[in-house]
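Me: I should like to take a close look at one part of this protein, namely its pockets. Please describe how they are lined.

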Amino acid sequence: MMMNSTPVSYFTLSAYVDTGLFKYLYFLIILTLYMLIVCSNVLLIVVICMNRSLHEPMYLFLCSLFVNELYGSSGLFPFLLVQILSDIHTVSAPFCFLQIFCLYTYGGVELLNLAAMSYDRYLAICYPLRYNTLMTYNKIAVLIAVIWLYPFFANALTLTTMTVPLQLCGNVINKVYCDNYYVVKLACSDTTAHNIFGLVNLFTIILGLIVLIIYTYMRILRVCFSGSKQTRQKAISTCTPHLASLLNFSFGAFFEMVQARFNMKYLPNMLRIFLSLYWLTCQPLLNPLLYGLQMSKIRIVCRKLLFGGKI
């Protein structure tokens, strides 16, 4: 049964609360985090692009990952900064859909990029003698193109054909940013097709990529334990940042999906806000630290760039 619907020109974000003068403190915290994300990711992109010794498959995938961190954080942080200082927490419908597109494509690119990086490490460690013939620059170009084009195309198609045409019976989103599932929940009409599409996407593409990543790391661990001490050390030094990044992103994304589909009102509001922002804030901040500090080649070049000396 369809309820009365009205055209929605804007959405109200109801998760924001009046914090008084503390809003200026929150503004400074968010601004500092955003500046750290921008500076650290730009630094590593410049380091990889400017240094010929880093023009290898692993570092090219890392460069793609850092570009995505800038893209995802820019789709969220400037918006948060404006909303924190604003007294009325509304956003126009077109901008809301644009933000949904940005954040969902960020998530898709991130997962595909992590999957490509695990595949690259699998070839490098399990097939070292054939690595250069298996991972050619043409193959890298194709993989990076798929990493970026598929999420952009899939999310553009989903939004324009399924979410934007919905007749909505409300305009209140209980979050600090726009989210596709929360918009779908406002629909007057039956959304079974949307739910089925979401579940199919979850159990095919997302879980499929996660299974692929787990399989590659299981094979890598098998080679590590059967190889020499030097092989183990090299594999651990290159794979540890990848695994830490994957676990961090998976935890944040999993909680975000759980929170969207189940009633989490028993949790404190501030905790719900923090956990909903976790996958969009910690990942862009953590990845440059993980790869910049853990991977010796990047660490050495960064030190030369920042403290003098030729790269």
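Reply: What follows describes the two pockets in turn, beginning with the largest.

The model is a predicted one. Its largest pocket has a volume of about 1,300 Å³. The lining of this pocket is made up of 45 residues. Those that lie nearest its centre are Y104, G198, N201, I206 and M257. Five helices each give two or more residues to this lining: helix 4 (93–126), helix 6 (137–163), helix 7 (180–184), helix 8 (192–226) and helix 9 (229–261). Of the elements involved, helix 8 provides the largest share, with 13 residues. As to chemical character, the lining of the largest pocket comprises 31 nonpolar residues, 11 polar residues and 3 charged residues.

The second largest pocket may be read in the same order. The space within the second largest pocket comes to about 670 Å³. Its lining consists of 24 residues, and Y26, I30, I84, M270 and I273 are the ones that lie nearest its centre. The elements that contribute two or more residues here are helix 1 (22–50), helix 3 (77–85) and helix 10 (269–294). Helix 10 gives the most to this lining, namely 7 residues. When the lining of the second largest pocket is divided by residue class, 16 residues are nonpolar, 5 are polar and 3 are charged.

In the structure, one may begin with helix 8 for the largest pocket and with helix 10 for the second largest pocket.

Definitions and conventions:
Residues are numbered from 1 along each chain as its sequence is written. This is a predicted model: local features need pLDDT of at least 70, side-chain atom pairs count only at pLDDT 80 or more; totals for chains, interfaces and linings use all residues. Side-chain values use heavy atoms; hydrogens and water are left out. On a 1 Å grid over the protein atoms alone, a cavity is a set of points where a 1.4 Å probe fits but cannot get out, and a pocket is an open set with protein on both sides within 12 Å along at least five of seven lines; lining residues have an atom within 4 Å of a point. Grid points are joined across faces, edges and corners, and a volume is the space filled by probe spheres set on the points. Helices (H or I, at least four residues) and strands (E, at least two) are DSSP runs, numbered from the N terminus. Ala, Val, Leu, Ile, Met, Phe, Trp, Tyr, Cys and Pro count as nonpolar, Asp, Glu, Lys and Arg as charged, and the others, Gly among them, as polar.
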